[in-house]
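Trainee: Hi! Could you walk me through this one?
Mentor: Happy to, let's have a look together.
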Amino acid sequence: MTKTKRLEKEVQDMIANDYGKIKAKILAEKHNCTLDQVYEVGRRYKLQQKQNLEVEIDEIMNQILLSGIIGDGRIKYNGKYNAQYSECHGCEEFEYLEWKFNNLKDLTSRTVIYGKNTKYDDLKDAKEFSTLTTPSLIPYKEIYENKEEVISRLNELGLLLPLLDDGCFHPYINNKNGRFTICTSYWTHEHRLLLIDKWKEETGISFHELGIKRVDIGASSSENQKLLNLALKYLPKDLDIIKKKFGIIMNNG
């Protein structure tokens, strides 16, 4: 049986500095040690999080979490009475990730954005954040698999964010126009229709189903300016995700 190597004081101090801000698994990989050693540093330095700490969630935070459930976010139980939310984006969308991180306020005030390598080529050296572990996130975990409930709670910001997470702009050849689609190929027909109806109800913007084997939802080019106006209502024009998704429209506007 291989004996676990002893952690030098300098390494322990570095782990302690990031403890609770970065996932323990990431810390273990970063410092080439075991998870148990990371947790032991936390205990020795008395860095364990206060149990069952409640966080007040405002409407912007609520919409980031709801949209993340059907977009690029993940939520998991952490113990019996707590849950934790995390989200990862490629480095070309770091500013967008940082915007979400900052707008989650007290959920992320004690954490940091950290680097994450993944097996997917388009996410190599990606960035990720994880929130505080808190009972305040339990309600979101409870509806994680219930798309009907999540969609029913989205407002225009909550609808915009999945467009930025999973949407694409498809320019037409030899034409400044194009159209937006949102990847929903893994959704059911009924869930797509609910999302389409919610877009119309909250924003007045029309989407429809596209495709046969792979079915997404898309808007016609006549909706491009409305979508741009909606995006600029909430996010800065020079943010990386806005330039990535709306750059052609803004340049041709």
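Mentor: One definition before we start: two strands pair if DSSP finds at least two bridges between them. Also keep in mind that this is a predicted model.
Trainee: Got it. So how many bridges join β7 to β8?
Mentor: Three bridges join them, and the two strands run antiparallel. Strand β8 covers residues 216–218. Within that pair, E209 sits opposite I217 of β8.
Trainee: And in what order do the strands of the open sheet come?
Mentor: The order is β5-β6-β8-β7, four strands with antiparallel pairing.
Trainee: Which strands stand at the edges?
Mentor: Those are β5 (167–171) and β7 (208–210). Each has a single partner strand, so one side of each is left without a neighbour in the sheet.
Trainee: How about the twist, what does it average?
Mentor: From one strand to the next, the twist averages 40°.
Trainee: Which helix lies across β5 and β6?
Mentor: That's α11, residues 240–252, and it runs at about 30° to β5. Strand β6 spans 178–182.
Trainee: Switching topic: at what angle do α4 and α5 cross?
Mentor: Roughly 130°, with their axes coming within 9 Å. Helix α4 is residues 59–69 and α5 is residues 94–103. That angle makes α4 oblique to α5.
Trainee: Which residues meet there, α4 to α5?
Mentor: From α4 you have I60, M61 and I64, and they meet W99, K100 and N103 of α5.
Trainee: What's the mix, nonpolar, polar or charged?
Mentor: The residues of that contact divide into four nonpolar, one polar and one charged.

Terms used
Residues are numbered from 1 along each chain as its sequence is written. This is a predicted model: local features need pLDDT of at least 70, side-chain atom pairs count only at pLDDT 80 or more; totals for chains, interfaces and linings use all residues. Side-chain values use heavy atoms; hydrogens and water are left out. Axes are lines fitted to C-alpha atoms, for helices over the stretch in contact, and angles run from 0 to 180 degrees between N-to-C directions. Contact means heavy atoms within 4.5 Å. Angles under 35 degrees count as roughly parallel, over 145 as roughly antiparallel, 65 to 115 as roughly perpendicular and the rest as oblique. Ala, Val, Leu, Ile, Met, Phe, Trp, Tyr, Cys and Pro count as nonpolar, Asp, Glu, Lys and Arg as charged, and the others, Gly among them, as polar.
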